[in-house]
Amino acid sequence: MPLRTLLTRRKALHAGLAQATCLAGLCPPAYAQQTPPAPFAPVEEIFRKAIQNGKMPGAVAAIGHEGRMVWHGVFGQRSLLLPAEAMTWDTIFDMASLTKVLITAPSIMQFYERGLIALDTPACHYLPAFAANGKQDITIRQLLTHYSGLAPDLDLNFAWQGKQTGVRMLMNSAPQTPPGEQFVYSDLNFITLGLIVERLSGQPLAAYAMEHILKPLGLHNSFFLPASSYQNTIAPTQYDENGHMLRGVVHDPTTRRMGGVAGHAGLFSCAQDTVAYAQALLKKLAGLPSAFPLRAETLYLMSTPQQPAGKTDLRGLGWDIATHYSTARGAYFPSSSFGHTGFTGTSLWLVPNTRSFVMILTNRVHPQGQGNVVALRRDVATAAALALRAFGP
């Protein structure tokens, strides 16, 4: 189907819905066009109050619109450990489940574009051991949309270590519900997809991601398994089960037990790289010249509803569209928008019709795992949509 037809269909599908604008921007803050501060004063106040109320120690955020960053903010502390460290724009964050949509889903879709993966083919066609214990009918599409029926995570109630142990547990797992029946957000889906990337590429996931996703986009501060030289720039998360503060070591316990790299978590990145990623994606989706390493038609599939027919939890191929996780949309961004969140306090919400996005990076789990940014994401997106009305359509 021609791209023009796809884009027209997207607009028609959501005609009449609230159409507030959002953000974008490849340029670093030093080159961002200056804008009146007044429209974004409510956004800044939301961040300040959340920090005062102990919802997170600090945050880095950006709002943009039609290819330029129209607002960015840096708030609070990167680390509360003495001596405390101020948050900075170049802080590197544990991106948590944003790994799913920034790395694993587009990697799978690169193989889709090459004709090496079919969305409705069972995953065991590419990973034969996955067929065990009733998983033989679970498709790639069901994994990408979280309609596989698999459990949310591997069992962490006993001491296990090592990637091979985790893989063996995954292969031996059984669906909790029949495939295609129910939306259950599951890390197992994306662990499986990451293993398929490794099987088809012959490369570790981290190496594949660097060569085929991160380098083509020019993202120099995004990676798995950060080198020790980045240690002082990384936002710490929380104490692990042994009382050690995690800094530069992935927060997600399953990924950590599997060696720090998995399809569902493990990516570290910064604000500038995340802004660049979002802008490149939205430009390609709009049919504009972009280095994003997927075709526009593929991105359209990823960002529009792909769940089983008749289901009301709407998911793209990786991206969230309308589920109970979608509070990061706020009150005014249209139903054609999409995004994702990460457990550590990261989120990205995108509005394709205006090439807009809202990026929020926090380490809300620092230092004791008790922060909460669910309301912050909702309120910032709502305030951003209202502020962007000043910029016109």
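The following exercises, each with a worked solution, concern selected helices, loops and residues of a predicted model.

Residues are numbered from 1 along each chain as its sequence is written, and side-chain values use heavy atoms, with hydrogens and water left out. In this predicted model, local features need pLDDT of at least 70 and side-chain atom pairs count only at pLDDT 80 or more, while totals for chains, interfaces and linings use all residues.

**Exercise 1.** Describe the length, bend and burial of helix H3.

Solution. Step 1: helices (H or I, at least four residues) and strands (E, at least two) are DSSP runs, numbered from the N terminus. Helix H3 covers residues 98-113, which is 16 residues.
Step 2: the expected span of a helix is 1.5 Å times one less than its number of residues. From first C-alpha to last, H3 reaches 22 Å, close to the 22 Å expected.
Step 3: a bend is the angle between axes fitted to the seven residues ending at a residue and the seven starting there. H3 bends by about 30° at Thr 104, and Pro 106 follows within four residues.
Step 4: buried means under 20% relative accessible area, exposed over 50%, and partly exposed in between (1.4 Å probe, protein chains only). Of the 16 residues of H3, 15 are buried.
Step 5: Gly 115, with a positive phi near 75°, follows H3.

**Exercise 2.** Determine how helix H6 is oriented towards H3 and towards H5.

Solution. Step 1: two packed helices are described by the angle between their axes and the distance between the axes. Axes are lines fitted to C-alpha atoms, for helices over the stretch in contact, and angles run from 0 to 180 degrees between N-to-C directions.
Step 2: the axes of H3 and H6 (residues 187-201) come within 10 Å and cross at roughly 45°. Angles under 35 degrees count as roughly parallel, over 145 as roughly antiparallel, 65 to 115 as roughly perpendicular and the rest as oblique. H3 and H6 are therefore oblique to each other.
Step 3: contact means heavy atoms within 4.5 Å. Residues making the contact include Thr 104 and Phe 111 of H3, and Phe 190 and Val 197 of H6.
Step 4: the axes of H5 (residues 163-172) and H6 come within 11 Å and cross at roughly 115°. That makes H5 roughly perpendicular to H6.
Step 5: Lys 163, Val 167, Leu 170 and Met 171 in H5 meet residues of H6, among them Leu 188 and Leu 195. H6 is included in what covers the buried residues of H5.

**Exercise 3.** Locate the two non-glycine residues His 146 and Leu 225, and state whether each is buried or exposed.

Solution. Step 1: His 146 lies in the loop between helix H4 (140-145) and H5, and its phi is positive, about 65°. His 146 counts as buried because its relative accessibility is 0%.
Step 2: Leu 225 lies in the loop between helix H7 (205-214) and helix H8 (253-257), with a positive phi of about 50°. Leu 225 is exposed, because its relative accessible area is 52%.

**Exercise 4.** Place the cis peptide bonds that precede Pro 83 and Pro 367.

Solution. Step 1: the bond from Leu 82 to Pro 83 is cis, with omega near -5°. Pro 83 is in the loop between strand E2 (68-79) and strand E3 (85-86).
Step 2: His 366 and Pro 367 are joined by a cis bond with omega about 0°. Pro 367 is in the loop between strand E10 (356-362) and helix H11 (374-387).
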